[in-house]
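The following exercises are intended for a reader who meets this structure for the first time. Please attempt each task before reading its solution.

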Amino acid sequence: MADLLDEQDDDQLEETNPLEESFAQATNFLERSTDHFKQEQLLQFYGLYKQATVGPCNTPKPAIYSMAARAKWYAWDKVRGLDGTAAKMEYIRLLDQLAPSWCERSTTTAPEPAWVSVSRPKRLSEEGKPDDGTSKSLIDQIKEDDLDGVRAILEDCSELAEMINGLDDDGLAAIHWAADRGNVDILASLLAVEGIDINLRGADGQTALHYASSCGNVECLKLLMQHGADRTIRDDEGETCSDVAYNQVIKACFS
């Protein structure tokens, strides 16, 4: 009987888990509001959702001609370093950033205390400590599309090239994240730094040009090529940036 009561208590805790409730609200809202987001943003949400609900990407990479499927695969595989909880928190944080008033427009209701407790979860630093807004890394700022934050770090750092060319725990550098997120102004700020490696290979041997191409970020793609990015580099699977292109519009940029 005691075991049954313990199981019942566990079930009740799961049912009232504030993060689960907030994540459900966020996914329900996004399903009804896809027209309000850019394609690259929807890909970010897709990758985080799959990571949160399934775990690390466990399917083979789709064939080259299946461009949309490949873009989804890359979006999912890119967040393989997050556990389920972190992926859900990042999903909510991203929605908070892109649509700050989304919870007011959501028709899904949840107990107010639970909602308030995680509607804007604290950002964690790379060391796993709560970020107080003053100690965010360069990559944190890029992920949040904070151009002013990026510029402040670039102005204050004495070894810029070394910092920008450094890889994070996901095997990606600042230039990869900027190309992935599609923020051309941030990417331009990074490319202006002397000593930056525009052809730096990250996870799976891919360059910033690969990420801009697979995510469909045309302006970032053009900017990288204007700065001399090498379009012939092949990743660990032998694919060029043209091979991983999100669609025909992107592929046409290489012709």
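The exercises below move from the overall fold to individual helices, residues and a pocket.

This is a predicted model, in which local features need pLDDT of at least 70 and side-chain atom pairs count only at pLDDT 80 or more, while totals for chains, interfaces and linings use all residues. Residues are numbered from 1 along each chain as its sequence is written, and side-chain values use heavy atoms, with hydrogens and water left out.

**Exercise 1. The overall fold**

Task: State how many helices and strands the protein has, and what percentage of its residues count as buried.

Solution. Begin with the secondary structure: the protein has 15 helices and zero strands. Here helices (H or I, at least four residues) and strands (E, at least two) are DSSP runs, numbered from the N terminus. Next, consider burial: of the 255 residues, 48% count as buried. Buried means under 20% relative accessible area, exposed over 50%, and partly exposed in between (1.4 Å probe, protein chains only). Finally, consider contacts, meaning heavy atoms within 4.5 Å. Among those between residues at least 6 apart in sequence, 69% join residues at least 24 apart.

**Exercise 2. The nonpolar cores**

Task: Identify which residues of the largest nonpolar core touch the most other members, and which helices each supply at least two residues of it.

Solution. Start from the term: a nonpolar core is a set of buried Ala, Val, Leu, Ile, Met, Phe, Trp, Tyr and Cys residues joined through side-chain atoms within 4.5 Å. The largest has 44 residues, and those touching the most other members are Leu-138, Ile-142, Ile-175, Leu-190 and Leu-224. At least two residues each come from α4 (67-77), α8, α9, α10 (160-164), α11 (174-181), α12 (184-191), α13 (208-215) and α14 (218-226). Domain 1 (18-98) and domain 2 (138-253) each contribute at least three residues to this core; the domain bounds come from an automatic or database domain assignment. A second, separate core of 17 residues includes Leu-30, Phe-37, Leu-94 and Trp-102. As background, nonpolar side chains in soluble globular proteins tend to be buried together.

**Exercise 3. Ile-175**

Task: Determine whether Ile-175 is buried or exposed, and list its contacts beyond four places in sequence.

Solution. First, locate Ile-175 in helix α11. Its relative accessibility is 1%, so Ile-175 counts as buried. Beyond its neighbours within four places in sequence, Ile-175 is in contact with Leu-187, Leu-190, Leu-191, Ile-196, Asp-197, Ile-198, Ala-208 and Leu-224. Leu-224 in turn touches, among others, Ala-179, Leu-209, Ala-212 and Ala-229.

**Exercise 4. Two covered helices**

Task: Establish how many residues of α13 and of α4 are buried, and what packs against them.

Solution. Take α13 first: eight of its eight residues are buried, and this helix is mostly covered. Those residues, which include His-210, Tyr-211 and Cys-215, pack against α3, α4, α11, α14 and α15 (248-252). After α13 comes Gly-216, with a positive phi near 75°. Turn now to α4: eight of its eleven residues are buried, so α4 is largely enclosed by the rest of the structure. Among the buried residues of α4 are Arg-70, Trp-73, Trp-76 and Asp-77, and their cover includes α3, α13 and α15.

**Exercise 5. The loop between α8 and α9**

Task: Describe Glu-144 and Asp-145 in the loop between α8 and α9.

Solution. Glu-144 lies between α8 (138-143) and α9 (147-156). With 15% relative accessibility, Glu-144 counts as buried. The side chains of Glu-144 and Lys-136 are joined by a polar contact of 2.9 Å. A polar contact is a pair of N or O atoms within 3.5 Å; within protein, one must be able to donate a hydrogen and the other to accept it, and residues adjacent in sequence count only if both atoms are side-chain atoms. Asp-145, in the same loop between α8 and α9, is partly exposed, with a relative accessible area of 30%. The phi of Asp-145 is near 55°, a positive value in a residue other than glycine.

**Exercise 6. Ala-87**

Task: Find the residues in contact with Ala-87 beyond four places in sequence.

Solution. Ala-87 is in helix α5 and is buried, with a relative accessible area of 0%. The contacts in question are with Leu-48, Gln-51, Ala-52 and Leu-82. Ala-87 and Gln-51 are 36 residues apart along the chain, with their C-alpha atoms separated by 6.3 Å.
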